[in-house]
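Visitor: I would like to go through this model and ask what stands behind each label. Please show it first.

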Amino acid sequence: MDKKQENLNKRDELVNKLANNIVDSATDIVKTEHAQKDINIIKEDIVDKLRFETSILLNEVVTKISPSKTIAEITKKTERSFERFGKNFRAQHMLMFVSVIILIITGMPLKFPEYNLSKFIIITLLGGLENSTLIHRIGAVGLIIVGVWHLVYTVFSRFGRRDFILMIPKPQDIKDFFHTLLYFFGKKSSGPKFGRFSFIEKFDYWAVYWGMVIMIGSGLIMWFKELFPKVIFDIGREAHSDEGLLATLAIIVWHFYNVHFNPEVFPMSWVWWHGNLTESEMKHHHALEYAEIIKKESEKIIETEKLKSASEIE
């Protein structure tokens, strides 16, 4: 048996002992009447969590004590920073939210013209329907630009292609959704672990870009109505109006909560500005991605050390 396998067996033995100790301690405190089968399920869950954490810790230690690291780097107490979104993607997001805010401010009053607030925005604030229409179309051009920009980014950028593939919904997202519900109702001790994108972020992404197709398509029909039959114009107008309301509600209720009002990020997540997450934020929100990053770094260091040792032997 090689040293690596021997150490792995020792860790597994310690993990199982610790899991047994935790379960035994808990049952002594609570004096539970649960069946042994239920206790075993809980123990298996604890073992899985401990194995995951010990794997991360091992790879963290390998990266921290790498020969390429200085003493100052090893002992420093500041957290690592991980880039989540690059400058290109952040610029897309900024153009998008500026355009969408303009579209909401100038569009919603037209859907609800009878309200005093709508009259104030269109007449008093923007100076009339002609001005508000012009500003609305400027916002529309911004939305079209960001739509085309993102499409080009997705096709021609390595990071864009990677993120698009990771954004595709998978069966695991359904499991994570129900796991989250069970956690919220107190039936799970912790929420699911997410990779680069959770099912919440995937919903955000696809809702936005499906909405963009509807809004841009129907908006162009209304903008160039002389090119289309009346029936197409009427369909486009209704689609534009209803999808605009749906998008506004999705942004205010869903997106704003996740990135602004959620107690974990209040008053807002600043990732849209600087693009970075701290090590603790990565572990909390994207544990699987963090584990994958640390594992790759560890494997790279191990491979480098192997090559170094081989060259020294020669």
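Visitor: How many residue pairs are in polar contact between domain 1 and domain 2, and what makes a pair count as a polar contact?
Guide: The model is a predicted one, and it has seven residue pairs in polar contact between domain 1 and domain 2, with both residues at pLDDT 80 or more. A pair counts because an N or O atom of one residue lies within 3.5 Å of an N or O atom of the other, with one able to donate a hydrogen and the other to accept it.

Visitor: Which elements give two or more residues to the side of domain 1 that touches domain 2?
Guide: They are helix 2 (36–64), strand 2 (276–278), helix 12 (279–285) and helix 13 (287–313). Helix 2 has the largest share of that side, with four residues. By class, the side of domain 1 holds five charged, four polar and four nonpolar residues.

Visitor: Why is the pair R196 and E289 called a salt bridge?
Guide: The closest N and O atoms of R196 and E289 are 3.0 Å apart. The cut-off is 4 Å between a side-chain nitrogen of Lys or Arg and a carboxyl oxygen of Asp or Glu, so R196 and E289 qualify. Side chains of opposite charge can pair when their charged atoms come close. The count between domain 1 and domain 2 is one salt bridge, while the whole structure has 16.

Visitor: What separates K17 and E13 along helix 1?
Guide: K17 and E13 are about one helical turn apart, because they are four residues apart in helix 1 (residues 3–30). Their side chains meet in a salt bridge, at 3.4 Å from N to O, and this value is within the 4 Å cut-off.

Visitor: Where do domain 1 and domain 2 run in the sequence, and how far apart are their C-alpha centres?
Guide: The domain assignment gives 2–78 + 277–313 for domain 1 and 93–276 for domain 2. Their C-alpha centres lie 39 Å apart. The contact takes 13 residues from domain 1 and twelve residues from domain 2. The area buried between the two is about 910 Å², with 50% from carbon and sulfur atoms.

Visitor: How do you know that the protein is not a compact globule?
Guide: A compact globule of 314 residues would have a radius of gyration near 20 Å, whereas the protein has 27 Å. The C-alpha atoms fill a box of roughly 80 × 65 × 35 Å along the principal axes. The protein has 13 helices and two strands.

Visitor: Which residues is S81 in contact with, leaving aside its neighbours within four places in sequence?
Guide: S81, in strand 1 (residues 81–83), is in contact with N276 and L277. S81 and L277 are 196 residues apart in sequence, but their C-alpha atoms are 5.7 Å apart in space.

Visitor: What is the peptide bond from F266 to P267, cis or trans?
Guide: That bond is cis, with omega near 5 degrees. P267 lies in the loop between helix 10 (230–261) and helix 11 (271–274).

Conventions: Residues numbered from 1 in each chain as written. Predicted model: local features only at pLDDT ≥ 70, side-chain atom pairs only at ≥ 80, totals over all residues. Heavy atoms only, no water. Domains from an automatic or database assignment. Contact = heavy atoms within 4.5 Å. Buried area = accessible area lost by both parts, 1.4 Å probe. Polar contact = N/O pair within 3.5 Å; in protein donor to acceptor, adjacent residues only side chain to side chain. Nonpolar A, V, L, I, M, F, W, Y, C, P; charged D, E, K, R; others polar. Rg over C-alpha atoms; globule rule 2.2 N^0.38 Å.
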